Amino acid sequence: MRPIRPLMAAAAALALTSGIAVLPALTSAVPASAQASCAGTSLKSAGLGFQVRVPTTGNGTGNTNCDLGVGNQGAAVKTLQNALIVCPPFDNLHVDGIYGSLTQESVEDAQQYYGAHVDGVFGPQTSSHMSWPLVGNPGVCVFWS
């Protein structure tokens, strides 16, 4: 088997120098760091038995490792928009379940207000930095833990 190693090395070197894709299946793989879109909402503890509803990967999953951005729609966006309107109030926004330019601007305002990275994309860092309306007492805003 010793003579095969130099042959394999030569073939690999030829493939690399000629631009031939050695592992084409890997080029279409999704990066490990890619996050799913928030597709639902979940209750998170706000301490002392109180809860808040936040966008998550799916209904009831509790997994906040997801993103929302322009073009997303649904319950997760509505939950985000409601929190942006109430905690603290951003007057230019209404709850329609569509992450458009006004929602993006409000997320940027919230990111700046709460000291998170400002990029207009709602993700785990933004979620954990901002306050949310209490379930059952939507006029009170708290942080989830």
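**Exercises on a predicted chain**

Leu48 is exposed, with a relative accessible area of 85%; the model in which this residue sits is a predicted one.

**Exercise 1.** Determine where Leu48 lies in the chain, and what is notable about its phi.

*Solution.* Begin with the location: Leu48 is placed in the loop that runs between strand 2 (40-47) and strand 3. Next, take the backbone angle, where phi of Leu48 is near 55°, a positive value in a residue other than glycine. For comparison, most residues other than glycine have a negative phi. Finally, classify the accessibility: exposed means over 50% relative accessible area, and Leu48, at 85%, is therefore exposed.

**Exercise 2.** State how many helices and strands the chain has, and in which order they follow one another.

*Solution.* The count gives five helices and six strands. Reading along the sequence then gives the pattern α-α-β-β-β-β-α-α-α-β-β.

**Exercise 3.** Describe the largest nonpolar core, and identify which helix gives the most to it.

*Solution.* The largest nonpolar core holds 22 residues, and those with the most contacts inside it are Leu68, Leu80, Leu84, Tyr99, Phe122, Met130 and Trp132. At least two residues of this core come from each of strand 3 (50-56), helix 3 (75-86), helix 4 (101-114) and strand 5 (132-134). Helix 3 gives the most, with five residues. As a last step, follow Leu84: leaving aside residues up to four places away in sequence, Leu84 touches Pro89, Phe90, Leu93, Thr103, Ser106, Val107, Ala110 and Met130.

**Exercise 4.** Find what percentage of the 145 residues in the chain is buried.

*Solution.* Taking buried as under 20% relative accessible area, buried residues make up 32% of the 145 residues.

Key:
Residues numbered from 1 in each chain as written. Predicted model: local features only at pLDDT ≥ 70, side-chain atom pairs only at ≥ 80, totals over all residues. Heavy atoms only, no water. Helix = DSSP H or I, 4+ residues; strand = E, 2+ residues; numbered from the N terminus. Buried < 20%, exposed > 50% of the residue type's maximum accessible area, 1.4 Å probe, protein only. Core = buried A, V, L, I, M, F, W, Y, C linked by side-chain atoms within 4.5 Å. Contact = heavy atoms within 4.5 Å.
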